[in-house]
Amino acid sequence: MPRLNSKEDLKALRRKIVAKRDLNKPYITLCSGTACHATGSDAVATAIQEELEKQDLTEEVGLRRTGCHGFCERGPIIIIYPAEICYLNVTPEDVPEIISKTIKGKEIIERLLYTDSSTGERMVHEQDIPFYKYQTRLVFSGNLWVDPTNIEDYIALGGYRGLAKALHEMTPEEVLAEVKSANLRGRGGGGFPAGRKWETTRNAPGEPKYVIVNCDEGDPGAYMDRSIMEGNPHRVLEGLTIAAYAIGASQGFIYVRQEYPLAVSNLAIALEQAKEYGFLGEDILGSGFKFDVVVHRGAGAFVSGESSALMNAIEGKVGEPRPKYIHTSESGVWDKPSNLNNVETYAIVPLILEKGADWFTSIGTEGSKGTKIFSLVGTVNNTGLVEVPMGTTLRDIIYKIGGGIRDGKKFKGVQTGGPSGGIIPEQYLDSPVDFDELTKLGSMMGSGGMIVMDEDTCIVDLARYFVDFLCEESCGKCVPCREGLKRMREILNDIVAGKGKEGDIALLEEIATVMKKASLCALGTTAANPALSTIRYFRDEYEAHITERRCPALVCKALISYYIEPEKCIACLLCAKNCPEDAIEGEKKMIHVIDQSKCIKCGICFDVCPPKAGAVTKISGKPVPPPIPEAARKIERGKGKG
Amino acid sequence: MAEIDMRKVDEIIGRYKGEEGVLIQLLLDLQSEFNWISPEAIARISEQMRIPKSQIYRIATFYKAMSLKPVGRHIIQVCLGTACQVRGAPKILDRVEENLKIKEGATTSDMRFTLKRVNCLGCCAMGPVIVVDGTYHGKITPSMVEDILEQYE
């Protein structure tokens, strides 16, 4: 492929690619993000390839492996064009039937379709499935069609048009003005206006200037950046190059977590192709603008996602934050002006350039424009990546798109903003989700993790989990964060171990306040959020642990006991056989009894007890009934009780 | 004990020689090649790259992806990210620990397994997740643990 030297070259190439493609030709796209890899997308791809060869259809039928479609719960997902038939949970065994029936016979295989659990209705097209129906997929749309290793797929969808427009029709100042008037706020956490950040870097003295993509995504429970980088890396590269042009940078860095191997390799391929086609390197698209990109792999440290820490890591140093009174936009990598945004932020930029700031500001709320991708996970029915306009309510996201809580359980809270965010309880489910509303609720947007919890989640244990996580990840440079987290961890460990004292809650709040005021970086100042927000909304659970020695969610090992209800036991021996401590006495036709002195509370008996019996229960806050006398243990009910 | 081929170490150092700010990338390459970073390798980097050993140790102990201890033939990562956590990952970790009779971070005495606890592998929709030698096992229940481990000798 000769490199493109003008806007017209790009247009001509796109026309050529599109003309080559026959839209009526049967085409199979197969979702191949990491989650689908994990559920066997590779094996499905091989099976499709083999079956096409076997049935001599390799010429007539195309296969494209795309990025993540978002509905990871039901992957691998295939879509068959032109009819756009969507099959979920596809296995290699399904493939011969799909090729013979659907591709050749134009017949739909009912069992592979989505079935609405409430109405029983089957849905043929992806956009009819409630999980997708209520979404507005702008940033994520390319993932459905693009093979991330093929730049022509991206160009066919209009890729790099935004860059061509910026370079050939606009001055850097005009690009900057466009992004500023779009009021694009950073999607990585803080929600700082990207245009203003760009402007600061542009105006800061010092050369060269750098632009950086943060794909460190350390927030547990969030994976939208990974899916964009894996599934549509050119969109990020295009956004980054536009930013570089607006800022006046000639060097970019992309910092990707080592834990995302597929993102690293797809990105490397994309970089090579972008260079070959003339979207990177010298004289981009014949405009005279020059820009290069280097990839840095992150070595696993949550704090390295903090902008100044990340810049230290790029320099090859320990990823510790720098004092915040020096802005990285003025003095960042190698003390040069450096602009850092996250993956999703850059991925939005080409859309703004192409469709204009007015279009972008028509979506979203007053203070938060555009769409946001959330990773909707936890104990919700439909988990996956969800893109909705800013301002969509939590209830719509969790119930309409997410399909509500699993196993008919009760909703307890939703964690937004990662470990530094907060947990929002049921009474705020109708709040619109945007940067400012979430902050008002004591949480934050963060990078868009949304972890749903049901009644079986112990809030105190969860707060302890977050504090424990942050404690491990605190770099230790400043005292309030390092010591504050340790003390909080001690107190929370005591509370879940049944050793909580009166005054513990007040002490947690006091430590949290100091950390908020005195820590060096955003990790430290927000590290107290999980404890503070849970105390704010779930104080009664803390009190139950401390004063009643009771865990309302029946989770904290030290506060619960396992007990077999004699009248429900069917003497099936399952629990007794599986107990690792031999703590369950029981024989055939004899009611089983747990020896409390031997029980380690592993919960295996609870898990294996047949649901029709449901004899093993958890007790908290009250004494375990004494074991029934041996003489009364014989079951006289004959086989198959009830 | 995993043998470290010093020629391979030299080759990796060669990729970065003379460049600035490359220590993390170099150590990551060593880590993916050998699954750990040996004292000999650190001495060699120090000598060749003119970087004090103390600085190399500072980096290697700061970042989670780097290991200064040899690891087993198979590496098990149990995800304890928030999404997996609320779907029962702690019980999975308990079961793996019980099964292998080691705690997270340790290696079995026969060098068969090294057990690591990780904070989010980014496939939250399939949680709880464990990864063995790069192969993902999703929607795990405690009773599945033994069968999975048995696949690895």
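Select chain A to begin: in this predicted model it carries 24 helices and 19 strands, where helices (H or I, at least four residues) and strands (E, at least two) are DSSP runs numbered from the N terminus. Residues are numbered from 1 along each chain as its sequence is written, while chains are lettered from A and ligands numbered from 1 in the order in which they are written. Because the model is predicted, local features need pLDDT of at least 70 and side-chain atom pairs count only at pLDDT 80 or more, whereas totals for chains, interfaces and linings use all residues.

With the whole of chain A in view, the C-alpha trace spans about 90 × 65 × 40 Å along its principal axes. The radius of gyration of chain A is 28 Å, which agrees with the value near 26 Å for a compact globule of 642 residues; the radius is taken over C-alpha atoms, and the globule rule is 2.2 Å times the number of residues to the power 0.38. Of the 642 residues of chain A, 54% count as buried, meaning that 20 or more other C-beta atoms, placed from the backbone, lie within 10 Å of the residue's own.

Next, select β9, β8, β7 and β10 of chain A, which in that order form an open sheet with parallel pairing; two strands pair if DSSP finds at least two bridges between them. The edge strands are β9 and β10 (338–342) of chain A, each pairing on one side only, and the twist averages 20° from one strand to the next. Zoom in on β8 (residues 251–257) of chain A, which seven bridges join to β9(A), and find A:I254, whose bridge partner in β9(A) is A:V295.

Add helix α11 (residues 233–247) of chain A, which lies across β7 (210–215), β8, β9 and β10 of chain A and runs at about 150° to β7(A). Then add α13(A), which lies across β7, β8, β9 and β10 of chain A at about 100° to β8(A); axes are lines fitted to C-alpha atoms, for helices over the stretch in contact, and angles run from 0 to 180 degrees between N-to-C directions.

Now show chain B as well: 42 residues from chain A and 33 residues from chain B make up the contact, which requires C-beta atoms, placed from the backbone, within 7 Å. Elements giving two or more residues to the chain A side include β9 (292–298) and α13 (307–314) of chain A, while the largest share, four residues, comes from α2(A).

Technical notes. A residue is buried if 20 or more other C-beta atoms lie within 10 Å of its own, exposed if 12 or fewer, and partly exposed in between; C-beta atoms are placed from the backbone. Two residues are in contact if their C-beta atoms, placed from the backbone, lie within 7 Å.
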